[in-house]
Amino acid sequence: MTNSAVQLTDPAAALTEAAARPTEAGAPTRFPWVPILVLGFAWFLAVAIELSPAGLLGGIAADMNISAAAAGTLTTSYALGNAVLVLPLTALALRFSRRSALNVVMVAFVASNVIVAAAPTLVAADVGRFLGGACYALICTLFPAVAVRIAGPRHAGKAITVVFAATSLGIALGAPLASLAGNAFGWRVTFAAAAALALIAGVMMSFIVPAVRERQEKGIKA
């Protein structure tokens, strides 16, 4: 991964914080598989689309009449969006509820892939990729915290394991599948499909991921 290995969120810290909290009366007694898997799928998709240009450089270069090296900036732009905006966007997200932040992130992620799929020039595609990297930065900071909160202290470890497993699956399966689809049907189809899947994931997230009770403490509100 280009910038995925270094993330602001520390899973060990999230687990320690969750374990230190008293069990809430409303904490789930069963593991909330459906909302956790929805979060995991969205993260899987973000990782897959991050790495997919590596296998599509030839098609992108031919379609846009540019060199393969120039097409490689699509990967660089995604990484830059992540690295440059992770801190300011996370600070901004602290001012809003987690559900609102999740909805905004998914809408922006859909838009980023639509921009890339329809981009007439490399510059436009790089703009879309930069936006996608910014979305991925927030995914990496928001999703683990949301997973821990909706799972509750009792299931925090399992929730973190499931959502973080999505990153490995995105590398091992998602990126190769995206590249195969792009080489078979056209690279723009890969990004259009990613936009459609992200839209589905975002809609599911808005209905399935539960709101978590507000806390009077510093941090991202639920």
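So, the second largest cavity: about 30 Å³ of space lies in it. Keep in mind, please, that we are looking at a predicted model. The search went over the whole structure, and two cavities of 30 Å³ or more came out of it.

Who lines the second largest cavity? The lining is made up of Ile-49, Tyr-78, Phe-109, Ser-112, Asn-113, Val-116, Gly-128, Arg-129 and Gly-132. If you group those residues by element, α6 (98–118) and α7 (122–151) are the ones that give two or more residues. The most comes from α6, with four residues. For those of you thinking about chemistry, the lining divides into four nonpolar residues, four polar and one charged.

Let me pick two names from that list and follow them outwards, beginning with Arg-129, which is part of this lining. Arg-129 has a partner in space that I'd like to show you, Thr-76: C-alpha to C-alpha they are 8.6 Å apart, while in sequence they are separated by 53 residues. Thr-76 belongs to helix α5, which covers residues 73–93. Is Thr-76 buried, exposed or partly exposed? Its relative accessible area is 45%, so Thr-76 counts as partly exposed, between the cut-offs of 20% and 50%.

The other name is Tyr-78, also in the lining. This one takes us to the aromatic rings, and there are six aromatic pairs to count. One of them joins Tyr-78 and Tyr-136, with 6.0 Å from centre to centre and 40° between the planes, and the pair is tilted. Why tilted? Because planes under 30 degrees apart would be stacked and planes over 60 would be edge-to-face, and the rest are tilted. What does this pair link? Distant parts of the chain: Tyr-78 sits in helix α5 and Tyr-136 in helix α7, 58 residues apart. As for exposure, Tyr-78 has a relative accessible area of 1%, so it is buried. Tyr-136 is buried too, with a relative accessible area of 1%.

Two more aromatic items before I hand over. Trp-43, Phe-143 and Phe-164 come together as one aromatic cluster. And then there is a charge over a ring: Lys-158 lies over the face of Phe-31, 4.9 Å from the ring centre.

To take away, then: a cavity of about 30 Å³, with α6 giving the most to its lining, and a buried Tyr-78 that pairs with Tyr-136 in a tilted arrangement. Thanks, everyone, and I'm happy to bring any of these residues up on the screen.

Notes
Residues are numbered from 1 along each chain as its sequence is written. This is a predicted model: local features need pLDDT of at least 70, side-chain atom pairs count only at pLDDT 80 or more; totals for chains, interfaces and linings use all residues. Side-chain values use heavy atoms; hydrogens and water are left out. On a 1 Å grid over the protein atoms alone, a cavity is a set of points where a 1.4 Å probe fits but cannot get out, and a pocket is an open set with protein on both sides within 12 Å along at least five of seven lines; lining residues have an atom within 4 Å of a point. Grid points are joined across faces, edges and corners, and a volume is the space filled by probe spheres set on the points. Ala, Val, Leu, Ile, Met, Phe, Trp, Tyr, Cys and Pro count as nonpolar, Asp, Glu, Lys and Arg as charged, and the others, Gly among them, as polar. Buried means under 20% relative accessible area, exposed over 50%, partly exposed in between (1.4 Å probe, protein chains only). Rings of Phe, Tyr and Trp (its six-membered ring) pair if their centres lie within 6.5 Å; planes under 30 degrees apart count as stacked, over 60 as edge-to-face and the rest as tilted. A charge sits over a ring if NZ of Lys or CZ of Arg is within 6 Å of the ring centre and within 35 degrees of the ring normal.
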